[in-house]
Amino acid sequence: MSSGAVRARRPPSPPPSYHQSVPRFPPKEGHLDADERRAAASLGYVPSRKSGHASGGYNITPGEWKLLVLLVVAASAVRLFRISRPDSVVFDEVHFGKFASRYIKTRYFVDVHPPLAKLLITLAAFVFGFDGHFDFAEIAKVYENTPYVAMRMVPATLGITTIPLAYLTLRGLDCRATTALLASFFLIFENSLITQSRHILLDSPLVFFTALTVFFWTGFCNEDKHEPFTDRWWGWLTLTGLSLGAVVSSKWVGLFTIATVGLGTIRQLWTLLGDLRVPPRLWIKHFYARALCLILVPVMFYMAMFQIHFLILENSGEGDGFMSAEFQHTLGGRSMADTYADIAIGSRVTIRHVNTQGGYLHSHAHNYPGGSQQQQVTLYPHIDENNDWRIINATQDNHPETDWMNFHELVYIEPGSRIRLRHLTTEKNLHSHDFRPPVSEVDFQNEVSAYGMPGFSGDMNDDWIVEIEKGSKRDSLSNRRVRTLGTQFRLRHALTGCYLFSHKVKLPTWGFEQQEVTCNKNAVMANSLWTIESSDHPHLPSDAPKVNYRKLGFFDKFFELQQVMWQTNAGLTDRHTFDSRPSSWPLLRRGINFWVKDQRQIYLIGNPMIWWLSTASVVGYVALRGFLILRAQRGYKDFENTKVVKYDTLCGFLFMGWGLHYFPFFLMGRQLFLHHYLPALYFAILLLCAVFDFLTSTFVRVGVSKSRRCSQFSLSGISLSLARWRMGTHGQRKNVTKLNG
């Protein structure tokens, strides 16, 4: 063989001595290998489909922004179409319209809900010239000189804004655009949300602020996964705190939203605590940042709303009777001049009931229609000359009602003093006898009346024994004798042994719906305590000691109002024609009749397909989660699959939001209505769409569908057709129009 036919052997490429300093195929920025992706997914970190990181993880394309504009237009068309109809009061517009009137007139009132949503409605009314004179007295009363359309625009606008928030939230939770679009359609055509948005009601603002909180919280979680403690991280966290303050300032149901974010926060901190790469100092920084923004910021926002509430409602109004005497005397028209501290025979006094805050011991020139038919004695919550009584000596003969003027020295009221109380306006004595009270007709209670005439000193049924129960720590004499504002005492009837008593029972219209006063032989201590609020005696020198109520600061008023709101809310136990229990809500078994007039009707009812599908998604998630837990117990590694972990984290958060906004209602004994389910419904709809996102992606993986986009839009079309059920509910049937919007 010739040498020319031999091919020289090439050296290896690259040569063994070559050390490549740069990878041949360098990974992209932020690239994770399979093991790193699995570890990140176990912590809930889901990589984005796009390069770069938008604020809050909301990678929205220009086409999607255009789509959002179309969604807003569609939501506006549904919620604003003929919003002026009906032109009369609908359902709870009776209350919330009336509260706007009270705000504008600066007259104090008490409501079981915090003030933010009512303040927003009032702002619209004020801007459009409402003078507060329309009284919103009853359902179907025609509006006159009232910008009710502007007031309805507030919940309508917030209801419209909820639609893009839902879209963006699902996109931030790494769902597809089609899924977010489906959720938007569901919310646009959900009857109950539409109906609430079209009237002066609080549930549309509540759902809006709930959606806003979930939107901000999602943005914060995405920023936290990307890079904590940046300016954007702090921004999303602070906005979440402000939104939490807003939702709880609209309704106390917002506390359930706080619980949802709170449990999410605890999970984050627990995960960080188990991450050995996070030093304790950094963990503490995470803890304090969340405590600052998610606890302190909402609390400050909530209290600021009540400060605005107090600043506006500066004058006495219909809500005075709910508050303590100290609180009432901070209101315009209820302030009291300094009054004498000493009480003696001959003192002119006003006597206030301690416990029920029903007001002053009162009598007027009207008789009971039954019983003794003598003059009525009641509790009256307002300052009035019919609240004035004279203390006279019951042990003195002749004319004790005038003889006190001849005394050379004062006779103070001490424990065991036997007195009579003479009503100054009608010149009758406080009296009790063996007649049953007009309302509380039980054997252990006697009627209390005013009995006598001018010149008649009275009989032994007018005699009362003073029993001092306790005095004020600031007044040492108040334990030894009756002192104005300092002594709490009981009045025991001398003949029968019963105690002067009052409770939260109102007299009928013949008693002007004032609070009943009786003489109770088995009196509860708290309801038989009285105190003297003001006193005057002509024999007291001008420099005699005087007292007045303690001036309450903001925190005193704030905490007292919270207690009153809680007690009033818990007291709403009367049955209503259209109330319902939580067990009936997910299946939409009962609605609410909002308004009926001239053979037209507004009836609050949800879209059955949306409600039933959302409830099915909740049940389906629970069943699937339980199945995966059983598989994990048998050794299957489903929770090591990044896709399973992603959707389990996503659906678990939404399920937690649904449960926290639904199950607490089972613990409540007060009146409940279908609209209390709406915040939970919002989470259920998002969960339904998350399940849809999971199913369509699963179909693609196993080959059930040839095209991802085809499967998504097919299901979207079916769901949209179901949502159009709402449009079919309009129309005449048996001469009754169902106006779901």
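**Strand pairing and membrane annotation**

Let's start with a strand pair: strand 2 and strand 5, which covers residues 388–393, run antiparallel and are joined by three bridges. Keep in mind that this is a predicted model.

Which residue in strand 5 is the bridge partner of T350? That is D388.

Strand 2 has another partner. Strand 13, residues 530–536, pairs with strand 2 over six bridges, again in the antiparallel sense. One contact to look up on your screens: H353 has W530 as its bridge partner in strand 13.

Now, is strand 2 enclosed or open? Strand 2 spans residues 348–353, and five of those six residues are buried, so the rest of the structure largely encloses this strand.

On to the helices. The UniProt entry is unreviewed, and its "transmembrane region" annotation covers several stretches. Among them are 116–137, 149–170, 200–220 and 609–630.

How do two of these look in the model? Take residues 149–170. The span is 100% helix and 0% strand, with its end C-alpha atoms 32 Å apart. Next, residues 609–630. Here too the chain is 100% helix and 0% strand, and 31 Å separates the end C-alpha atoms.

Then helix 8, residues 203–226. What span should its 24 residues have? At 1.5 Å a residue, the expected span is 34 Å. The end C-alpha atoms of helix 8 are 35 Å apart, which agrees. Helix 8 is also mostly covered, with 22 of its 24 residues buried.

To recap: strand 2 pairs with strand 5 and with strand 13, and helix 8 is mostly covered.

Methods. Residues are numbered from 1 along each chain as its sequence is written. This is a predicted model: local features need pLDDT of at least 70, side-chain atom pairs count only at pLDDT 80 or more; totals for chains, interfaces and linings use all residues. Side-chain values use heavy atoms; hydrogens and water are left out. UniProt positions are given in the numbering used here, feature names are shortened, and annotations may be inferred rather than shown by experiment. Helices (H or I, at least four residues) and strands (E, at least two) are DSSP runs, numbered from the N terminus. The expected span of a helix is 1.5 Å times one less than its number of residues. Buried means under 20% relative accessible area, exposed over 50%, partly exposed in between (1.4 Å probe, protein chains only). Two strands pair if DSSP finds at least two bridges between them.
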